[in-house]
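Please open the structure in a viewer and keep the selection panel at hand. The tour goes from the whole chain to single residues.

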Amino acid sequence: MTIPYTKGLHELGDGLHAYLQPSGGWGWSNAGLVTSAGGGSLLVDTLFDLKLTRDMLDSMRAITDSHPIEAAMNTHGNGDHCFGNQLLPSGVALYGTPVAVEEMQAAPPELVSFLFKGDHGDPVFTAFAREAFGPFDWEGVELRVPSSTWEGRLELSVGERSVTFIELGPAHTQSDSIVHVPDAGVAFTGDLLFIGGAPIVWAGTFQNWLDACETILSLHARLLVPGHGPPTDDEGVRGVMRYLEYVRAEARKRFDAGLDAEAAADDIDLGEFADWGDNERIAVNVDSAYREFDPAREPAPAPELFMRMARWAARH
C-alpha cells in the first residue's frame, strides 16, 4: 500500500490513519489514530506545539465525532511527540512509560524554548536553532504527562480492537515504545524509525536499537508508521539498521585510533547515507558510540551536543 507523503491525515485501511508532517526533520513528527468498530479510538502521540496539534485534531474531527478519542499514548518523552497533550479531553486515558514521563519532566516546554529561542551569544548555534526549530511556537504549552503508566508490554482494548504497546528502548531515548495493531498488520514505531533522515542515538546502546529493529521486523507488519518520515515497510527498518551498524563500526575505528568524538564525527564519510536529512546528528551518534565502547565515559550534556551538531552543520 502506497501512502503519499504529504502533510495531513492519511487513511491506512482497517480503520487506521496516520497524520504526516513532511519533511520529517527536527520537530516534524508523525502521529496515528486507531479506531474500532466498537466506537472509540486511540491517538498515538501529539505534536510539537499547540497550533500543530490543534490542526491535527481538527483534521480528525470527521472520524473522532463518531469514534471519540478514549485513550492516547506517547511513544517517548521528546516534546515533538507530547507537547500537544494538553489539548486532549480531560477524560482521555493518557498512557506512557514511567521513564518517558521522567524525560518529559526533565525537558519541559519552558526549557526547550529557552534553549532554542533564547540568545546564547553564539551565532553558529543561533543559526542552527533558527533553522531547525524556528517554525515552532511553545507559547502557552503546559506540560501534561501520562497518568496511566506501564512498563514492558501492555495489551489494551480500543472498543472491540486489541492493540499492544511494546517498550523497546533505551535506544533513541531512555524509553522508546511502539503501538502494534495486529489485526490490521500496522505498527506505529515512534522514533525507533526515522525514514529519509538520520536517526539520533540520545540514549542507546546501538545494540539495543538494533535489537528493537529486529523486534519490529518480527511483527511482519504490512505497514510501519515512523516517528519521522514517510510510512514504510521492513525495508525501511533495514535501512535504519544499516545506518546504525555503519556509524558504530566507523566510530569504533576512530575510537581505537584515539580521535576525540567531535573529530571522529567530522572524519566519517557518510557514504550511502550522505543524502539523508539532519546528518549533523552524527555528532551525537559518535558520542553515544564512544560511551558504548567505554561505559565509564561521562555523557556530554544535551546543550553541548546540540552545539556540536551546530558546528558540524556549519562545517559541512
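For the charge count used below, Lys and Arg are taken as positive and Asp and Glu as negative, while His and the chain ends are left out. With that convention, the protein chain carries 22 positive and 47 negative charges, and the mean positions of the two sets are 2 Å apart. The model on display is predicted.

**Stop 1: the whole chain**

Select the entire protein chain and colour it by secondary structure; ten helices and twelve strands should appear. The radius of gyration is 19 Å, close to the 20 Å that the globule rule gives for 316 residues, so the chain is as compact as a globular protein of that length. Along the principal axes, the C-alpha atoms fill a box of roughly 60 × 40 × 35 Å.

Next, switch to a surface representation. The accessible surface of the chain comes to about 12600 Å², and carbon and sulfur atoms contribute 50% of it. Of the 316 residues, 56% count as buried. Among contacts with a separation of 6 or more, 66% are between residues 24 or more positions apart.

**Stop 2: the aromatic rings**

Hide the surface and show the aromatic side chains. The structure holds 23 aromatic pairs. A pair of aromatic rings is described by the distance of the centres and the angle of the planes.

Select Trp-26 and Phe-306. How are these two rings arranged? Their centres lie 5.8 Å apart with the planes at 50°, so the pair is tilted. Trp-26 sits in the loop between strand E2 (16-20) and strand E3 (31-35), and Phe-306 belongs to helix H10 (residues 302-315), so the pair ties together parts that are 280 residues apart in sequence. Both partners are buried: Trp-26 has 11% relative accessibility, and Phe-306 has 8%.

Move on to Phe-48 and Phe-83. The ring centres are 5.8 Å apart and the planes stand at 35°, so this pair is tilted. Phe-48 is in the loop between strand E4 (41-44) and helix H1 (50-59), while Phe-83 is in the loop between strand E5 (69-73) and strand E6 (93-96); the pair thus links distant parts of the chain, 35 residues apart. Phe-48 counts as buried at 5% relative accessibility, and Phe-83 is buried with a relative accessible area of 2%.

Now extend the selection to the cluster that ring pairs form. Its members are Trp-26, Trp-28, Phe-48, Phe-83, Phe-116, Phe-125, Phe-128, Phe-133, Phe-136, Trp-138, Trp-202 and Phe-306.

**Stop 3: the backbone**

Display the backbone atoms for this stop. Most residues other than glycine have a negative phi, and most peptide bonds are trans.

Select Gly-169 and Pro-170. The peptide bond from Gly-169 to Pro-170 is cis, with omega near 10°. Pro-170 is part of the loop between strand E9 (161-167) and strand E10 (177-181). Then select Gly-204 and Thr-205, which are joined by a cis peptide bond with omega of about 10°. Thr-205 lies in the loop between strand E11 (186-194) and helix H6 (206-218).

For phi, go to Asp-14, where the value is near 60°, positive in a residue other than glycine. Asp-14 is located in the loop between strand E1 (8-13) and E2. Is Asp-14 buried or partly exposed? With a relative accessible area of 47%, Asp-14 is partly exposed.

Asp-278 also has a positive phi near 60°. Asp-278 is found in the loop between helix H8 (261-267) and helix H9 (282-293). The relative accessible area of Asp-278 is 19%, and the residue is buried; the cut-off is under 20%.

**Stop 4: strands E9 and E10**

Select Thr-164, in strand E9. Thr-164 counts as buried at 4% relative accessibility. Which residues does Thr-164 contact beyond its neighbours within four places in sequence? They are Arg-153, Leu-154, Glu-155, Ile-178, Val-179, His-180 and Pro-182. A distance label between the C-alpha atoms of Thr-164 and His-180 should read 5.1 Å, although these residues are 16 residues apart along the chain.

Finish at Ser-177, in strand E10. Ser-177 counts as buried, at 2% relative accessibility. Leaving out residues up to four places away in sequence, Ser-177 touches Met-73, Thr-75, Thr-97, Trp-150, Ile-166, Glu-167, Leu-168, Thr-189 and Gly-190.

Definitions and conventions: Residues numbered from 1 in each chain as written. Predicted model: local features only at pLDDT ≥ 70, side-chain atom pairs only at ≥ 80, totals over all residues. Heavy atoms only, no water. Helix = DSSP H or I, 4+ residues; strand = E, 2+ residues; numbered from the N terminus. Rg over C-alpha atoms; globule rule 2.2 N^0.38 Å. Buried < 20%, exposed > 50% of the residue type's maximum accessible area, 1.4 Å probe, protein only. Contact = heavy atoms within 4.5 Å. Areas by Shrake-Rupley, 256 points an atom, 1.4 Å probe, with all protein chains shown as cover. Charge placed at Lys NZ, Arg CZ, Asp CG, Glu CD. Phe/Tyr/Trp six-rings, centres within 6.5 Å; stacked < 30°, edge-to-face > 60°.
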